[in-house]
Amino acid sequence: MSGHLFIRGGTVIDPASGMQARRDVLVRDERVAAVSEAIGDESVRGATVIDAENCLVLPGLIDMHVHLREPGYEYKETIETGTRAAVAGGFTTVACMANTNPVNDSAAVTEYIHERAQAARLARVYPIGAVSKDLKGQELAEIGEMHRAGIVAVSDDGMPIMNGDLMRHALEYTAMFGLPVIVHEEDRSIAADGVMNEGAQSLRLGLKGVPAAAEEAMTARDLALLARTGGRLHIAHVSTAGAVELIRAAKGRRLPVTAEVTPHHFTLTEAAVGAYNTHAKMHPPLRTAHDVEAVRRALADGTIDAIASDHAPHHRDEKEVEFDRALNGVVGLETTLALALRMAGEAKIPLDAIIAAMTVNPARILGLPLGTLAPGATADITVVDPRRRWTVQASRFRSKGRNTPFEGMELQGQAIVTIVGGRVVWRAEDA
Amino acid sequence: MPFTHRHMLGLEGISREELFYLLDTAKSFKEISERNIKKVPTLQGKTVVALFYEASTRTRTSFEIAAKRMSADFVSLSSSTSSVTKGETLLDTARNLAAMRPDAIVIRHFVSGAPHFLAARLECPIINAGDGAHEHPTQAILDLLTIRERKGRLSGLTVAIIGDILHSRVARSNVFALNALGASVRFVGPPTLLAPELRAWGDVTHDLHEGVRDADVIMMLRIQLERQGKNFFPTVDEYSRYFCLTERAVALAKPDVIIMHPGPLNRGVEIASDVADGPYSVIMDQVTNGIAVRMAVLYLLINRSREAELETETHAQTAAEVEAATPRLRRRAG
C-alpha cells in the first residue's frame with residue numbers, strides 16, 4: 001500500500017549523507033519526505049506507522065549480482081520467486097546477470113525481464129546485459145540496444161572472457177554509454193576443470209584444484225587493459241588475497257575499478273567442502289583463511305566497494321550429485337544481510353561501511369538514483385532488527401533454490417520491513 | 001580397538017589400532033585361501049554388489065573371490081552394462097540396488113568422493129574400491145599387510161612412493177595409513193605430478209636415486225599413459241628416463257628392500273621388467289594378500305551391520321528370547 005508511512009524511533013544509517021542517529025522517517029508519495037529527530041503529529045496524520053524502536057532504518061539494500069534464471073531456467077528460480085527472496089532478505093533492488101536462456105544479449109530479453117519484474121511488483125530489477133553474443137566470448141553483443149532498453153552494466157559472468165581483444169573492445173565501447181563491465185576473473189586455461197580451491201584440501205580430497213593464480217592472472221590482465229582503454233571495470237566476487245592486492249594497487253593509481261565480495265567468500269574457507277559438500281561448490285571457489293582475512297580487510301579499507309550475493313539458485317537434482325558433476329553456486333539473497341552483520345562484528349568493521357557496501361556503493365557503480373535516505377530520495381527502505389536471532393533453514397527460503405552452505409547456522413539480524421517506492425513489500429511474520 | 005565403521009570409505013583419520021585390527025583380521029583369513037576347499041560359510045546368505053564405473057580386472061576379481069570364499073553371493077555391474085549408459089544418476093542407480101537389499105556395495109568410480117556421496121545417503125555398507133584421485137583403502141591395507149609380513153613391523157620404516165602422486169588414490173590411502181603407523185614417507189616424481197602441500201605428509205624429491213636411497217620399501221605407482229599430451233611430462237620415454245625403477249636404482253636402497261606395485265604394470269615405463277620380476281619384488285604377494293584383506297573388510301562391515309540388526313531385534317523381544325539370543329552374540333564376540 002503506498003501512501004504515507006511513518007517509521008518511528010529507529011536508528012537511521014545513511015552512509016550517503018553520513019548519518020547514523022536515532023531519527024523518525026516520513027515517507028510521502030514514494031519519496032522520503034523527512035528524516036528528523038521528532039516529526040510532528042500533524043505531518044504524520046493518516047500515515048501508516050511502522051515501529052522501528054531498537055531497529056536499524058537503512059536505505060533499501062542493493063544486491064548488484066544475482067541470477068534470477070528467467071527466462072529459460074524457471075525450474076531454478078523465476079523473477080517473482082527471486083525478488084520475493086530479495087525483499088525477504090531486505091533487498092529492494094537487484095541487478096540480474098545475463099546467463100539466462102536465451103541469454104540477455106538483446107533488447108528484447110532486457111525488456112522481457114523488465115516486464116516480468118514489473119508484474120511481480122516486489123524488488124526493483126535492473127538487468128545486466130551480456131558482453132558477448134550468447135556469452136560465447138567472441139563477438140560483442142548489441143550493448144547499445146540493450147542500453148536503450150535499460151541495462152545497467154554488461155557482464156559475461158560465469159563465462160570469463162578469455163579473448164583479450166574482445167575484453168579490450170568491451171571496455172572501450174561501453175565507455176560511450178558509461179556502463180561498467182563486470183568481470184568474472186578467471187583464466188580458464190589455468191583453472192581448467194578445477195572444482196575447488198587448489199591447495200591442501202584439494203590434495204586431500206583428490207579433487208582438481210583452481211589455483212588462486214587463475215583469478216589473479218585475469219585480474220592483472222584486465223587492469224592492464226583498463227589503464228589504456230577508458231571504460232569502467234567492476235570485478236565480481238573477489239576471492240583471493242592476491243587479487244585484492246592487485247585491485248588495491250590499481251585504485252592507488254586511480255584506475256576506474258571497483259570490486260565486490262560475496263558473503264560466502266568472506267565467511268567460509270575451502271574447509272567447508274568437508275566430505276564433498278556440493279553446497280560449498282562455486283566459482284570462484286572458497287579459498288583459505290588467509291584469503292578470507294584479506295577480503296575482509298579490503299572491505300574495511302574500501303578496496304572492495306560492494307557486498308553482493310552472487311545468488312545462484314539451482315535445482316536439488318543439480319546439487320544432489322557427485323562433487324565433480326554438481327553445478328556451481330549458492331543462493332544468498334536471504335542470508336547476505338545477517339552474514340554481513342556477523343562479519344562486521346567479527347572483523348570489527350564499522351556498520352556504516354558495511355551498509356555503504358550494500359547501498360550507496362553499488363548504486364554508484366551501477367549509476368542508480370538509489371541507495372540513500374536523504375529527503376527527496378526514492379523511498380526504498382529496509383528496516384532491520386539487528387538482534388533478532390534465527391537459524392538458516394533452506395526449506396523456509398522464498399527462493400526456489402535451497403542450495404546454501406549455511407544450513408543450520410545461527411545468525412542474528414533480519415529485515416523486518418522492506419519498502420520499495422513507499423510501498424511495504426515485505427513484513428516479517430511477527431514484526 | 002575393533003573396526004566399527006559402517007563403511008570403508010578411506011583411511012584418512014584411521015587410528016593405528018583400527019589398522020592393526022584390520023591387518024590381524026586379514027591375516028587370520030589368509031589361511032582359507034591355502035586350503036584345498038577354499039570356502040567357508042561365514043557370509044552365507046549375504047549379497048555383495050559390485051558397482052564399477054571404471055574398468056578394473058584385478059580389484060573387481062579380488063573382491064569377487066573374497067566374497068565367494070566366504071560364501072556370499074556376488075553380483076557385479078559395470079558402467080557399460082548398466083543403466084548408467086541410459087543416463088541414470090549414480091544416486092538413482094545405487095538407490096535401486098540398495099532397494100534389492102544387498103549387504104554391502106563395493107564401488108569404483110572415476111569421480112573423487114562418489115562413495116562418500118552414496119554413504120551419506122544409503123543405509124547399506126559402502127566399500128570404496130577406488131574413487132577418482134582420492135582413496136583406494138583396500139589396496140593400501142593389502143600393501144601394509146605385505147610390508148608387515150616381510151618386515152615384521154611398519155613403524156620406523158622408510159617408504160618411497162614413486163610416480164604420479166597427484167592423481168593417485170593408492171598413494172593417498174597409503175600415506176594416510178603409513179603416517180598413522182609411524183612410517184616415514186618420501187614422494188618421488190616430477191613437480192608436475194606432485195604438489196607443494198605434499199610436504200605436510202612426507203619428504204619430496206624429484207631425484208629417483210635420492211628418493212630410493214636407504215628405503216625399506218619402494219612403492220611404484222602406475223603412470224597413466226593418458227597423462228601424456230597433457231603436459232605433465234613430455235613423453236613416456238622421457239618420463240621413464242628419469243623415473244623408471246631400474247636395478248641400478250634399487251641397489252641404492254636397503255639390502256632387504258621390497259618393491260611393490262599396485263598393477264597393472266607398464267613394463268619398461270615406471271618399472272624395469274627385471275625389477276618387477278626380480279628378487280625384491282613382492283607384487284604377487286600383494287595380489288594374494290588382496291583377497292584376505294577384502295575378505296576381512298567384507299566380514300567386518302557385514303558382520304557389524306548384522307550385530308546392529310540383532311541388537312535392534314532384541315529390543316522387541318521378550319526376556320526369554322533375549323536370553324536365548326545372548327549366547328549367540330557372545331559367541332560372535334568371542
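The exercises below walk through a predicted model with chains A and B, each followed by a worked solution.

Residues are numbered from 1 along each chain as its sequence is written, while chains are lettered from A and ligands numbered from 1 in the order in which they are written. Since the model is predicted, local features need pLDDT of at least 70 and side-chain atom pairs count only at pLDDT 80 or more, whereas totals for chains, interfaces and linings use all residues.

**Exercise 1. The contact between the chains**

Find how many residues each chain gives to the contact, and sort the side of chain A by class.

Solution. Begin with the rule that two residues are in contact if their C-beta atoms, placed from the backbone, lie within 7 Å. By this rule, chain A gives 14 residues and chain B gives 18 residues. Next, take the classes: Ala, Val, Leu, Ile, Met, Phe, Trp, Tyr, Cys and Pro count as nonpolar, Asp, Glu, Lys and Arg as charged, and the others, Gly among them, as polar. On the side of chain A that touches chain B there are then eight nonpolar, two polar and four charged residues.

**Exercise 2. The domains of chain B**

Describe how chain B is divided into domains, and which elements of domain 1 touch domain 2.

Solution. The first step is the division itself: domain 1 covers 16-135 + 287-305 and domain 2 covers 137-283, with bounds that come from an automatic or database domain assignment. Taken over C-alpha atoms, the centres of domain 1 and domain 2 of chain B are separated by 26 Å. In the second step, count the contact, in which 20 residues of domain 1 of chain B meet 17 residues of domain 2 of chain B. For the elements, recall that helices (H or I, at least four residues) and strands (E, at least two) are DSSP runs, numbered from the N terminus. Helix 1 (16-30), strand 4 (126-131) and helix 11 (283-315) of chain B each give two or more residues to the side of domain 1 that touches domain 2, and the largest share, six residues, comes from helix 1 of chain B. By class, this side of domain 1 of chain B holds eight nonpolar, six polar and six charged residues.

**Exercise 3. Two helix pairs in chain A**

Work out how helix 1 lies against helix 2 of chain A, and how helix 8 lies against helix 10 of chain A.

Solution. Axes are lines fitted to C-alpha atoms, for helices over the stretch in contact, and angles run from 0 to 180 degrees between N-to-C directions. Angles under 35 degrees count as roughly parallel, over 145 as roughly antiparallel, 65 to 115 as roughly perpendicular and the rest as oblique.

Helix 1 (residues 79-88) and helix 2 (residues 107-120) of chain A have axes that come within 9 Å and cross at roughly 55°, and therefore helix 1 and helix 2 of chain A are oblique to each other. In the contact, A:Ile79, A:Glu80 and A:Thr83 of helix 1 meet A:Ile113, A:Arg116, A:Ala117 and A:Ala120 of helix 2, which by class are four nonpolar, one polar and two charged residues.

For the second pair, the axes of helix 8 (residues 241-252) and helix 10 (residues 289-301) of chain A come within 8 Å and cross at roughly 25°, so helix 8 of chain A is roughly parallel to helix 10 of chain A. Here A:Ala241, A:Val244 and A:Arg248 of helix 8 meet residues of helix 10 including A:His290 and A:Asp291.

**Exercise 4. A sheet in chain B**

Give the strand order of the open sheet of four strands in chain B, and name its edges.

Solution. Two strands pair if DSSP finds at least two bridges between them. The order is 2-1-3-4, with parallel pairing. Strand 2 (73-78) and strand 4 of chain B stand at the edges with a single partner strand each, so one side of each is left without a neighbour in the sheet. Within the sheet, five bridges join strand 1 (residues 47-52) to strand 3 (residues 104-109) of chain B, and B:Leu51 has B:Ile107 as its bridge partner in strand 3 of chain B.

**Exercise 5. Backbone details**

Locate the cis peptide bonds that lead to A:Pro102 and B:Pro264.

Solution. In chain A, the cis bond joins A:Asn101 and A:Pro102, with omega of about 0°, and A:Pro102 lies in the loop between strand 7 (91-96) and helix 2 of chain A. In chain B, the bond from B:Gly263 to B:Pro264 is cis, with omega near -10°, and B:Pro264 lies in the loop between strand 9 (258-260) and helix 10 (273-276) of chain B.
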